[in-house]
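Me: Please take a close look at one part of this predicted model, the largest pocket. I would like the answer to set that part within the chain as a whole and then to follow its surroundings outward.

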Amino acid sequence: MTEVTFETIAVKRKKKGVINLLGRVMLGLFGLFGFMLAAMLILTIIGIIPGMAIMASSLLFIGIAFLDMQEVRCPYCGKKVGVHKRAEDFECKRCKRTTLLDWQ
Ligand SMILES: [Zn+2]
């Protein structure tokens, strides 16, 4: 039986108020704008690839703005991943590896 070990990263929990209400609204609007732009790009078919990329980052913005989310970096491949502040671990969207979170 092989033992599966996961990488654990220490993450500083950002205090509430780092992003104030105005910041959240701006981030949310930016995310919504990006989302609409991405939807239009995807509809043109030619723009489907950049459209998907913009949509993914827009959703991340919206997530940070409206949910209690924070960006962390995958220790395996370096991809930035949005995680919920109560999440115990996350699976990287790119490399599919699980990382445990040690909130501080
Ligand atoms: Zn990764």
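Reply: Helices here are DSSP runs of H or I with at least four residues, strands are runs of E with at least two, and both are numbered from the N terminus. On that basis, the predicted chain has two helices and five strands, and their order along the sequence is β-α-α-β-β-β-β. The C-alpha trace extends about 50 × 35 × 15 Å along its principal axes. Of the 104 residues, 27% count as buried.

Within this chain, the largest pocket has a volume of about 290 Å³. It is lined by 13 residues, of which Ala56, Ser57, Leu60, Lys79 and Lys80 are the closest to its centre. Two elements each give two or more residues to this lining, namely α2 (48-66) and β3 (80-84). Helix α2 provides the largest share, with seven residues. In chemical character, the lining comprises seven nonpolar, two polar and four charged residues.

Helix α2 also takes part in an aromatic contact. A pair of aromatic rings is described by the distance of the centres and the angle of the planes. One aromatic pair is counted in the model. The ring centres of Phe30 and Phe61 lie 5.2 Å apart and their planes meet at 75°; since planes over 60 degrees apart count as edge-to-face, the pair belongs to that class. Phe30 lies in helix α1 (residues 21-43) and Phe61 in helix α2, so that the pair links distant parts of the chain, 31 residues apart. Phe61 has a relative accessible area of 29%; this value lies between the limits of 20% and 50%, and the residue is therefore partly exposed.

The other site to describe is that of the zinc ion. Its ligands are the SG atoms of Cys74, Cys77, Cys92 and Cys95, at 2.2 to 2.3 Å. Along the chain these donors follow the spacing C-x2-C-x14-C-x2-C. The angles among the four donor atoms run from 105 to 116°, and the site is tetrahedral. Two of the ligands can be contrasted in their exposure. Cys92 has a relative accessible area of 0%, which is under 20%, so this residue is buried. Cys95, by contrast, is partly exposed, because its relative accessible area of 25% falls between 20% and 50%.

To return to the request, the pocket takes the largest share of its lining from α2, and that helix also holds Phe61 of the aromatic pair.

Conventions: Residues are numbered from 1 along each chain as its sequence is written. This is a predicted model: local features need pLDDT of at least 70, side-chain atom pairs count only at pLDDT 80 or more; totals for chains, interfaces and linings use all residues. Side-chain values use heavy atoms; hydrogens and water are left out. Donors are N, O and S atoms within 2.8 Å of the metal (3.2 Å for Na, K and Ca); water is not among the atoms, so sites may look incomplete. Four donors count as tetrahedral if all angles lie between 85 and 135 degrees; four count as square planar and six as octahedral if opposite donors are over 155 degrees apart and all others between 65 and 115; anything else is irregular. Buried means under 20% relative accessible area, exposed over 50%, partly exposed in between (1.4 Å probe, protein chains only). On a 1 Å grid over the protein atoms alone, a cavity is a set of points where a 1.4 Å probe fits but cannot get out, and a pocket is an open set with protein on both sides within 12 Å along at least five of seven lines; lining residues have an atom within 4 Å of a point. Grid points are joined across faces, edges and corners, and a volume is the space filled by probe spheres set on the points. Ala, Val, Leu, Ile, Met, Phe, Trp, Tyr, Cys and Pro count as nonpolar, Asp, Glu, Lys and Arg as charged, and the others, Gly among them, as polar. Rings of Phe, Tyr and Trp (its six-membered ring) pair if their centres lie within 6.5 Å; planes under 30 degrees apart count as stacked, over 60 as edge-to-face and the rest as tilted.
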